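Notebook open, coffee poured. I want to go through this one piece by piece and jot down what I find.

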Amino acid sequence: MGVKNGDARAGLSATWGRLKWPVLLASILLCLGAVVVAGMMPGLLSLPKPEASVPAWQLEPAHLSNASGVLPLDANAPLPTSAEVTALLDATLKPDGAGSISGVVMDASTGKVLFDRDAAANRIPASNMKLLTAVSALKALGPDARFTTRVLGSANPSTVVLTGGGDVLLGASASDPNAVLGRAGLASLAADTATALTAAGVKGPVTVQVDDTLFSGAPLNPAWSLDDVAAGETAPLFPLALNSGRYSPTVMTGPRPQDSAVTTAQAFAEQLAAAGVAVSPGVERGRGLPTKVLTAAESATVSEQVDLMLETSDNFLAEALGRMTAAASGKETTYDGATAAVRQRLAELGIATDSMQLADVSGLALENQVSALQFVQVVRAITSGPDLSLRAALDGFPIAGLTGTLDNRYVDASTAVGAGLVRAKTGTLNSVIALSGYVVDADGRLLVFSFIGNGLEPGAAGNKVAMDRAASGLASCGCRG
């Protein structure tokens, strides 16, 4: 007799009832075992993942690419033609609105002028003035010269005199031998002074004085706009200062100390107290005994300071270097002495200065008048002239798209070809834009140039772009016709 479906299900159900608990228990134990094993041996139960493919641009190349960039300097490289260079620059060097742009391009090796647009006309140069200051300082002082800040004793054993020697890049902390700003530090000067006072048996309290007599004349140049001073573009000048006349080495804008000599001496007094010396409150001006040097600290070299001045366009540092140039040139250490010293040193380089009008050496004054031709002669003296000491300024030129005041330029499609190639000093005032520097063209020819715009529409972005396009065009052009 056949078995009915219901009976079969009943039989299976009874059988399953007897087996389900052992089966369930075995399943649970198997799962737990798998979890334990997986924890002890990660990846055992997972499938191996395929290796990620490496993008082609990350792979080591099988062979070197053919050279297609700018060639190294070649004495036999073809000289660009004036017609081609002029056609290139006439198409790009146009003001954005009002005003005019003068300019000149010169072959550095031969001195041949390849482009001339009102090159001999006097123009307000803005911070391109710092190029004149750079070569003058290097010629008068030498690239390896340093400025010394001293702590002198006086007739009163309990009085010390912080004596300025022209270093306006002092740091508040310990001296840093690898730095330019902060090479000489007040904390190190204070620690050495404390040691000298202890050795002399001076127990204090000690009076701190400051000697700022190295620079003479008015601390503030009357040719400067008081609005620029209030905005922190510069400050009254003294022969010692912290952070190039700023409150902080990292805050580059805003108000500055109006008496950097006293501000620096106060910071020195604080460091002296931190070194364990009892210090009387307040700081006063005074003179120490030159024969009684308690300690001293040297600045970065003039070469390093010039490079910092050019790269960051530091007005305060430029004026300090101008005063030190005046001192080395036998001039009074005044603003007029600094401009006279610059004229003297430029004349020694064979650069005519009769037409120049100089009111400062940083470029803030609107009374400055210098031609593009004179600037290109200065740049050529740096790159190719017979005075090798001037080569020290080469590293200070900002690099297009990378460093200094050109770090955020040459980034759009119309100028990017000059990024990393153009090296130039910038200049910017309300209606003034300037760019003077050097570039190696596509054939390996070194060209020097200067472009100066005056009477421009304030804030018109196209003026900087026009100059950047012009310089980029020189970098990418062989211009051989």
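How many bridges join strand 1 (residues 100-107) to strand 2 (residues 113-117)? I looked it up and got four, with the two strands running antiparallel. I should keep in mind that I'm working from a predicted model.

**Hairpin.** I checked the pairing register and found Gly-103 opposite Arg-117 of strand 2. I then went to the turn, where five residues sit between the strands. Gly-111 has a positive phi there, near 80°.

**Whole chain.** I stepped back for the overall tally: eleven helices and twelve strands. Of the 481 residues in the chain, 47% are buried. I also pulled the exposed surface, which comes to about 22300 Å², with carbon and sulfur atoms supplying 57% of it. For contacts between residues at least 6 apart in sequence, I noted that 69% join residues at least 24 apart.

**Helix pair.** Next I looked at helix 3 (residues 129-141) against helix 7 (residues 302-312). Their axes are 10 Å apart and the packing angle is about 180°. The cut-off for roughly antiparallel is over 145 degrees, so I'm logging helix 3 and helix 7 as roughly antiparallel to each other. From helix 3, the contact is made by Lys-130, Leu-131, Thr-133, Ala-134, Ala-137, Leu-138 and Leu-141. Helix 7 brings Val-302, Ser-303, Val-306, Met-309 and Leu-310.

**Val-361.** I picked out Val-361, in the loop between helix 9 (335-348) and strand 9 (370-371). Is Val-361 buried or exposed? Buried means under 20% relative accessible area, and Val-361 has 1%, so I put it down as buried.

Which residues is Val-361 in contact with, leaving aside its neighbours within four places in sequence? I listed Met-129, Lys-130, Thr-133, Ala-318, Glu-319, Gly-322, Ala-338, Thr-339 and Val-342. I also checked the C-alpha separation from Val-361 to Met-129 and got 6.0 Å, for residues 232 apart along the chain. Lys-130 and Thr-133 turn up in my helix 3 notes too, in the contact with helix 7.

**Disulfide.** Last job: I searched the whole structure for disulfides and came back with one. Cys-477 is joined to Cys-479, with S to S at 1.5 Å. I read 130° about the S-S bond, and the link is right-handed. I looked at accessibility as well, and both Cys-477 and Cys-479 are buried.

Notes: Residues numbered from 1 in each chain as written. Predicted model: local features only at pLDDT ≥ 70, side-chain atom pairs only at ≥ 80, totals over all residues. Heavy atoms only, no water. Disulfide = S-S within 2.5 Å. Buried < 20%, exposed > 50% of the residue type's maximum accessible area, 1.4 Å probe, protein only. Pairing = 2+ DSSP bridges. Contact = heavy atoms within 4.5 Å. Areas by Shrake-Rupley, 256 points an atom, 1.4 Å probe, with all protein chains shown as cover. Axes fitted to C-alpha atoms, helices over the stretch in contact; angles between N-to-C directions. Parallel < 35°, antiparallel > 145°, perpendicular 65-115°, else oblique.
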